[in-house]
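Please consider the following sequence together with its three-dimensional structure. The paragraphs below proceed from the whole chain to its sheet and its cores.

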Amino acid sequence: MDNIRRLMFAVVMAIAYMAMGTEAQNSTMAPNSNATIANVTTASNVTTASNVTTASNVTTASNGPTAPVVNTTVTALTVNITNKECGKTQLCAAKPENCDPAVAGSCFFVSAQQSSGQTFFFQLRGVSSGYIAVGLSTDSTQGGNDTTYVCANNNSNVKFFTALLDKGVLTINNTLPVDSVKGSVNGQIIQCTFSATVPKATVTRSTDTSFYLFIANGTFSNGTLGSPNTVLFSDKAVDLANPNTTVSNSLNAAPSSSHANGLSQALLSLLGVLGMMML
């Protein structure tokens, strides 16, 4: 009897031991399973972080080109404008033709040098107690809201304006893109240089930088620009970007033959009348 009890006790202990081993194994595996799930979750978070990076790229793409600068502040021009680069890097126009702007005297001069695209570096020199100006027209008729850049004598200092010329009236707007303005006044000689982004030519159409070019002067009093007196107006649209372009002044055109014949006939008639009075 005692042997049977001992055998049964041994069987019960063996079964209990096996049960405890199985439970211990399950408790060991559970943390490993949980660790695996945690790792998967972490990987998912990494994926989410990469999406944030993609969103930041969208912000970078939103950065567009900056607006053109409008700065009419004038600093001192300490050197004389010259025509040394005419036909090389600069398109030039002058009245009288080929006059030297570096020499004292009545010389109206403008040069244009392309910086990039529609942006040009201009030099302007002329004689006036009021203002000098250079203008760009898209057709052969001066006016019609022509883009105009004005350098005025303001108590022996240069004051710079951008304006539109329409029907003989200059309207100051100071909204055209300009920068790096320099100027000087010496007696009645006004000089200025500036960088300007010119509008695209839409009528001349040979290129976006082709315009009828004009130089003018006029009075300046109490901040008001008088009507311009044009001294040069190109006889055709000229490409500002081409330094080899020759600018001819349409205002220097010789009178037509019919006009000359009319003057001759009038002169002959006057001489005839004078001759009869002397008889």
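How much area does the protein chain expose, and what share of it do carbon and sulfur atoms supply? The exposed area is about 16,800 Å², and carbon and sulfur atoms supply 57% of it; accessible areas come from the Shrake-Rupley method with a 1.4 Å probe, and for residues only the protein chains shown count as cover. The model is predicted: local features need pLDDT of at least 70, side-chain atom pairs count only at pLDDT 80 or more, and totals for chains, interfaces and linings use all residues. Residues are numbered from 1 along each chain as its sequence is written, and side-chain values use heavy atoms, with hydrogens and water left out.

The protein chain has 279 residues, of which 32% count as buried (under 20% relative accessible area, with exposed meaning over 50% and partly exposed in between; 1.4 Å probe, protein chains only). Its secondary structure comprises two helices and 15 strands, where helices (H or I, at least four residues) and strands (E, at least two) are DSSP runs numbered from the N terminus. Among contacts (heavy atoms within 4.5 Å) with a separation of 6 or more, 52% involve residues 24 or more positions apart.

Six of the strands form an open sheet of mixed pairing, in the order β1-β9-β10-β4-β3-β2; two strands pair if DSSP finds at least two bridges between them. Its edges are β1 (74-76) and β2 (91-95), each of which pairs on one side only. Strands β2 and β3 (residues 108-116) run antiparallel to each other and share five bridges. One such position is Ala93, whose bridge partner in β3 is Val110.

Strand β4 (residues 119-127) contains Gly126, which is buried, with a relative accessible area of 0%. Beyond its neighbours within four places in sequence, Gly126 contacts Cys107, Phe108, Ile132, Gln188, Ile189 and Ile190. Its C-alpha atom is separated by 9.6 Å from that of Ala94, 32 residues apart along the chain.

The largest nonpolar core (buried Ala, Val, Leu, Ile, Met, Phe, Trp, Tyr and Cys residues joined through side-chain atoms within 4.5 Å) has 34 residues, and the members touching the most others are Phe122, Tyr149, Phe194, Leu213 and Leu240. Outside its neighbours within four places in sequence, Phe194 is in contact with residues including Phe122, Tyr149, Phe160 and Asp179. A second, separate core of 13 residues includes Ala133, Leu165, Phe220 and Leu225.
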